[in-house]
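Subject: Handing over the model

Hi,

Here is the structure I promised to pass on to you. Please have it open while you read the notes.

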Amino acid sequence: MMSPFQKALILLILVFNCLSFAKISEAAIYYVSTRGNDSNPSTESLPWRTVQKATNMMVAGDTVNIQAGTYDESVVINRSGTANSVITYSGPGHLRKISTVGANYIIVDGLAVGNPGGSAYSGGQIEIDADSNYITLRNCLIDPQQAAHVEGVVVYGGHDIRVNNCIIQNINLSTAIVVNGFNNVVTNSVVRNTYDAHAFRVWGYDNTISYNTVTNNLITANAEQNHSDFIQPFGGQWHPEGSYNIVGEGNSIINTQAQASYLSALEGDGVDANVSHWIFRNNIWANVSHCGQTRVPYTLFYNNIFYKVGNGQSSASGSIDVGVSSAGNAAGSEIINNIFLENGFTPGDANTGWYVYSGGIDHSLIKASNNYAGGTNYAANNVSEMYSVNGGAPQFVNLAECDFHLLAGSPLIDRGEAISIFNYDKDGTPGPQASVWDIGAYAYVPGDDKTPPTAPSGLSVQ
Ligand SMILES: [Ca+2]
């Protein structure tokens, strides 16, 4: 029988042990260098040689600093951090490939990733498996150096994946970023210099593609792919999980040969996956050679700008083709508060200089209103828009530089319809300004239009 004193002593020892245990789990910082050795202690002066050594050793809270140089490694990350103690892989080193397998709470920051050995292989340069969640890729350069059929980043199905401020380039006959799963975001990144490749393919649900720049997506003469898109989902036998509640917002797709979009609900055997409810808002498509299309129910286009989209088509087209075909039916779609200027095969054509309906889609199932179409005729193509602005100069700050902010005298100010599901413009300016929405991706902010001020008069020197 223990005395009260003995019991208290044992309790005290237990508490002390717990505190001691907590104290020893401090985060470590490791170093990897091309001049290192994996039997080193991994200090800055005595670093490891391989990133995989770090991958095998790190626990929650640890960081590895991968120093400059090329590491001919395809690293597999399969150990997890926690919500409060992530595992961080920090650059600037250059790896061949990174895969996560069942890993959570990982940050990959400032690395270059892609094929440094020059040999091609299938898959992506960064692959995040379906059992990996809470993964952040940021400030990375992802470059397969035109190796055919190699993707940049592939998210196979996890959630809470973030790709932020990365550059993905030199993608050939593949896709720069593939997203599946849910609650995943690709933002503030650049996709550039691709060859017969798509910038984005997106499946799953509640995923967001925002504030990215897509430019110089080239279509070569001997492409084995018949098209190249800014963004594409499809259903059918290959993707029965579908693609729905997807948001594309604030992106700039500029100076590129790709299609503006290519949204089809059905492909392959016609399995009816749920591909629907896509939202495009506050995006700019400018100097995009090929038009977009949607065959997806409830594709919502709000406050976008389409300028010189589809000028490279070989036949009549507009900027976006909203219709019905074997690929699906865009019934329920909405086209509101957008700008259409000089689009299509013949940009001045009254029928095709803006958006078009195709396949005999029932116009009454589409809501189109409050759009601006420059120099074209809204009475054409059997479309009658309510509250539109048809023709006249839109008065942008600098059209030649694709600065689509509105000048004070623009006829697009206060001509938009209030949209309930978001309330900001491409700059993040809360909208509507002055209580009434404007047409286009930028809300007019009084006094912020760069209009040369009127010279003051009536002043005198005292
Ligand atoms: Ca306004």
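Below is what I found, going from the chain as a whole to single residues.

**The chain as a whole**

Please keep in mind that this is a predicted model. The chain has 462 residues, and 47% of them count as buried. Its secondary structure comprises 39 strands and 2 helices. If we take the contacts with a separation of 6 or more, 63% are between residues 24 or more positions apart.

**Strand β5 and its partners**

A good place to begin is β5, residues 94–100. Of its 7 residues, 6 are buried, so the rest of the structure largely encloses this strand. Strand β3 (residues 70–77) runs parallel to β5, and 6 bridges join the two. One pair to look up there is Val75, whose bridge partner in β5 is Ile98.

β5 also pairs with strand β7 (residues 112–113), in the parallel sense and over 2 bridges. In that pairing, Leu95 has Val113 of β7 as its bridge partner. A parallel pairing with β8 adds 3 bridges, and here Ser99 is matched with Glu127 of β8.

**From β8 to β11 and β14**

From β8 you can step on to β11. Strand β8 (residues 123–128) pairs with β11 in the parallel sense, over 5 bridges. Gly124 has its bridge partner, Glu151, in β11. Strand β11 itself covers residues 150–155, and 6 of its 6 residues are buried.

Next comes strand β14 (residues 175–179), which pairs with β11 in the parallel sense over 3 bridges. Within this pairing, Val154 has Val178 of β14 as its bridge partner.

**The nonpolar core**

Which residues have the most contacts inside the largest nonpolar core? They are Val153, Ile177, Phe200 and Trp285, in a core of 106 residues. This core lies between domain 1 (28–195) and domain 2 (244–453), because both domains give residues to it. As background, nonpolar side chains in soluble globular proteins tend to be buried together.

Trp285 deserves a look of its own. Leaving aside residues up to four places away in sequence, Trp285 touches Ile253, Ala260, Ile305, Phe306, Val309 and Ser319.

**Backbone details to check**

Three spots in the backbone are worth a visit. To start, the peptide bond joining Gly91 and Pro92 is cis, with omega at about 25°. Pro92 is found in the loop between β4 (87–90) and β5 (94–100), which brings us back to the strand we began with.

Then there is Asn255, a residue other than glycine with a positive phi, near 50°. Asn255 lies in strand β23, residues 252–259. Is Asn255 buried or partly exposed? Asn255 has 16 C-beta neighbours inside 10 Å, so it counts as partly exposed; 20 or more would be needed for buried.

Finally, Cys402 also has a positive phi without being glycine, with a value near 55°. Cys402 sits in the loop between β38 (396–398) and β39 (403–406). Cys402 counts as partly exposed because it has 16 C-beta neighbours inside 10 Å.

That is everything from my side for now. I would be glad to hear what you think once you have had a look.

Best wishes

Key
Residues numbered from 1 in each chain as written. Predicted model: local features only at pLDDT ≥ 70, side-chain atom pairs only at ≥ 80, totals over all residues. Buried ≥ 20, exposed ≤ 12 C-beta atoms within 10 Å, placed from the backbone. Helix = DSSP H or I, 4+ residues; strand = E, 2+ residues; numbered from the N terminus. Pairing = 2+ DSSP bridges. Contact = placed C-beta atoms within 7 Å. Core = buried A, V, L, I, M, F, W, Y, C linked by C-beta atoms within 7 Å. Domains from an automatic or database assignment.
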